[in-house]
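Grab a pencil and work through these exercises with the structure open beside you. Try each task before you read its solution.

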Amino acid sequence: MVRRGSPVQVRSRAVELKNAGVPVYYIYPGDSDMASKKKGNVELIALQCSECKRKNYTTSKNRKNSQAKFEFSKYCKFDRKHTVHKETKIK
Ligand SMILES: [Zn+2]
């Protein structure tokens, strides 16, 4: 077995963390901050057909940026046409 002089010591921090079992995406604290901020303002909503009252779509909404209730013209497969879909709670 041939031993070389000195092992290569150049390792990135990401590799060190990965070897320690830490997922690499945790090395940027800014990312997790952003994620928690998003969680606070963005909520999931359902879009309910105004004709048959079925909830055909879900989407997310940023409460901070858009305070008015969402209304979209979307295709309803039960009515087989475009109808107004209004924002409601998912459950
Ligand atoms: Zn409908």
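**Exercise 1. A warm-up pair**

Which residue in E4 is the bridge partner of Cys76?

Solution. Keep in mind that you're looking at a predicted model. Start at Cys76 and look across to E4: the bridge partner there is Lys81. Next, look at the two strands as a whole: E3 and E4 are antiparallel, with six bridges between them. Another of these pairs brings Phe72 together with His85 in E4.

**Exercise 2. Listing the elements**

Find out how many helices and strands the protein has, and in what order they come along the chain.

Solution. Count first: there are two helices and four strands. Now walk along from the N terminus, and you should get α-α-β-β-β-β.

**Exercise 3. Putting the sheet together**

Work out the order of the strands in the sheet, and say which strands stand at the edges.

Solution. Step one: take strand E1, residues 42-49, and find its link to E2. Seven bridges join E1 and E2, and the two run antiparallel. One pair to look for is Ile45 with Thr59 in E2.

Step two: find the link between E1 and E4. Strand E4 covers residues 81-88, and four bridges pair E4 with E1, again in the antiparallel sense. Here you can spot Gln48, whose bridge partner in E4 is Lys86.

Step three: add the pair from the warm-up, E3 with E4, which is antiparallel over six bridges.

Step four: string the pairs together. You get an open sheet of four strands in the order E2-E1-E4-E3, paired antiparallel. Strand E2 (55-62) and strand E3 (71-76) each have a single partner strand, so they stand at the edges and one side of each has no neighbour in the sheet. From one strand to the next, the twist averages 40 degrees.

**Exercise 4. Two unusual phi angles**

Lys53 and Arg80 both sit in hairpins. What is the sign of phi at Lys53, and what is it at Arg80?

Solution. Begin with the usual case: most residues other than glycine have a negative phi. Now check Lys53. This residue isn't a glycine, yet phi is positive, at about 65 degrees. Lys53 belongs to the loop between E1 and E2, in a hairpin with five residues between the strands.

Then check Arg80. Phi is positive here too, near 55 degrees, and this residue is not a glycine either. You'll find Arg80 in the loop between E3 and E4, and that hairpin has four residues between the strands.

**Exercise 5. Buried or exposed?**

Decide whether Lys53, Arg80, Asn65 and Leu47 are buried or exposed.

Solution. You need two cut-offs: 20 or more other C-beta atoms within 10 Å makes a residue buried, and 12 or fewer makes it exposed. Now go one by one:

- Lys53 has 10 other C-beta atoms within 10 Å, so Lys53 is exposed.
- Arg80 has 8 other C-beta atoms within 10 Å, so Arg80 is exposed.
- Asn65, in the loop between E2 and E3, has 8 C-beta neighbours inside 10 Å, so Asn65 counts as exposed.
- Leu47, in strand E1, has 21 C-beta neighbours inside 10 Å, so Leu47 counts as buried.

To finish, zoom out to the whole protein: buried residues make up 8% of its 91 residues.

**Exercise 6. Far in sequence, what about space?**

How many residues apart in sequence are Leu47 and Glu87, and how many Å apart in space?

Solution. Along the sequence, Leu47 and Glu87 are 40 residues apart, while their C-alpha atoms are 4.7 Å apart in space. Glu87 is also among the residues that Leu47 touches, and so are Tyr57, Thr59, Phe72 and His85.

Compare a second pair: Asn65 and Val42 are 23 residues apart in sequence, with 9.4 Å from C-alpha to C-alpha.

Last step, the overall picture: take the contacts between residues at least 6 apart in sequence, and 43% of them join residues at least 24 apart.

Conventions
Residues numbered from 1 in each chain as written. Predicted model: local features only at pLDDT ≥ 70, side-chain atom pairs only at ≥ 80, totals over all residues. Pairing = 2+ DSSP bridges. Axes fitted to C-alpha atoms, helices over the stretch in contact; angles between N-to-C directions. Contact = placed C-beta atoms within 7 Å. Lists of a residue's contacts leave out its neighbours within four places in sequence.
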